[in-house]
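Got your viewer open and a selection box ready? Let's walk through this one stop at a time.

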Amino acid sequence: VTVQFDSNVSKGLNWEFKPEVKSMQVNIGANGLAFYHAKNLMDVPVIATSNYNVSPIKAAPYFSKMECFCFTEQTLAPGETAEYPVVFFLDPLLLEDDRMDEITTVTLSYTFFPIEAGQAIKEAKLKP
């Protein structure tokens, strides 16, 4: 199966965020490892978090992440970069589901967004 990687940044977060590779071939049941890279383009520290989705939606129950940066606060200083790993696999039960026969590509997409309660965001909004 081809796993494609997508990245997005919400309004209000001036970060560069992208996957290291656009896609990779993964054997069902085998672990995959992908990396995403982020850079804070602001002149203040920023606290952000990400959420993810898997498409097509019917493949989502078979896509398992064993290590992920999602839903965890990430803080980057001005100009700081970070590398975020994702360890995942496609559950072999996918092969037993007739609805999945035509699935050859699965997309993992992340969106980073600022945490409004984060002190760095509050300070940035107060700057003249």
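Contact here means heavy atoms within 4.5 Å. With that in hand, select Glu73, which touches Ile47, Ala48, Thr49 and Ile115 once residues up to four places away in sequence are left out. Glu73 and Thr49 are 24 residues apart along the chain, yet their C-alpha atoms are separated by 4.8 Å. Glu73 counts as exposed because its relative accessibility is 54%; the bins are buried for under 20% relative accessible area, exposed for over 50%, and partly exposed in between, using a 1.4 Å probe and protein chains only. Its place is in the loop between β6 (63-67) and β7.

A word on what you're looking at: this is a predicted model, where local features need pLDDT of at least 70, side-chain atom pairs count only at pLDDT 80 or more, and totals for chains, interfaces and linings use all residues. Residues are numbered from 1 along each chain as its sequence is written, and side-chain values use heavy atoms, with hydrogens and water left out.

**Zoom out: the whole chain**

Switch to cartoon. The chain has one helix and nine strands, in the sequence pattern β-β-β-β-β-β-β-β-β-α. Those labels are DSSP runs numbered from the N terminus: H or I of at least four residues for helices, E of at least two for strands. Of the 128 residues, 39% are buried. Among contacts with a separation of 6 or more, 74% are between residues 24 or more positions apart. Now show the surface: about 7,100 Å² is exposed, with carbon and sulfur atoms supplying 52% of it. That area comes from the Shrake-Rupley method with a 1.4 Å probe; for residues, only the protein chains shown count as cover.

**The sheet, strand by strand**

Next, pick out the open sheet of five strands, ordered β3-β1-β9-β5-β7 with mixed pairing. β3 (23-25) and β7 (74-76) are the edges, each with a single partner strand, so one side of each has no neighbour in the sheet. From one strand to the next, the twist averages 30°; axes are lines fitted to C-alpha atoms (for helices over the stretch in contact), and angles run from 0 to 180 degrees between N-to-C directions. Two strands pair if DSSP finds at least two bridges between them.

Start at the β3 edge and work across:

- Select β1 (residues 2-9) with β3: they pair antiparallel over three bridges, and Thr2 stands opposite Gln25.
- Add β9 (residues 105-114): β1 and β9 pair in the parallel sense over eight bridges. Val3 stands opposite Val106, and Gln4 stands opposite Thr107.
- Move on to β5: eight bridges join β5 to β9, running antiparallel, with Asn51 opposite Thr111.
- Finish at β7: three bridges join β5 (residues 46-55) to β7, again antiparallel. Val46 has Leu76 as its bridge partner there.

Go back to β9 and colour by accessibility. Seven of its 10 residues are buried, so β9 is largely enclosed by the rest of the structure.

**Aromatics**

Show the rings. There are 15 aromatic pairs, counting rings of Phe, Tyr and Trp (its six-membered ring) whose centres lie within 6.5 Å; planes under 30 degrees apart count as stacked, over 60 as edge-to-face and the rest as tilted. Try Tyr52 and Tyr110, a tilted pair at 6.2 Å centre to centre with 50° between the planes. Tyr52 is in strand β5 and Tyr110 in strand β9, 58 residues apart. Which of the two is buried? Tyr110, with a relative accessible area of 0%; Tyr52 is partly exposed at 32%.

Now widen the selection to one aromatic cluster that includes both tyrosines, along with Phe5, Trp15, Phe17, Phe63 and others.

**Last stop: charged pairs**

How many salt bridges are there? The count comes to two, a salt bridge being a side-chain nitrogen of Lys or Arg within 4 Å of a carboxyl oxygen of Asp or Glu.

Select Glu102 and Lys58, whose closest N and O atoms are 2.4 Å apart. The pair links distant parts of the chain, 44 residues apart: Glu102 is in the loop between β8 (81-90) and β9, and Lys58 in the loop between β5 and β6. Lys58 counts as partly exposed at 26% relative accessibility.

Then take Arg99 and Asp97, which meet at 3.1 Å, N to O. Arg99 is partly exposed with a relative accessible area of 47%, whereas Asp97 counts as buried at 11%.
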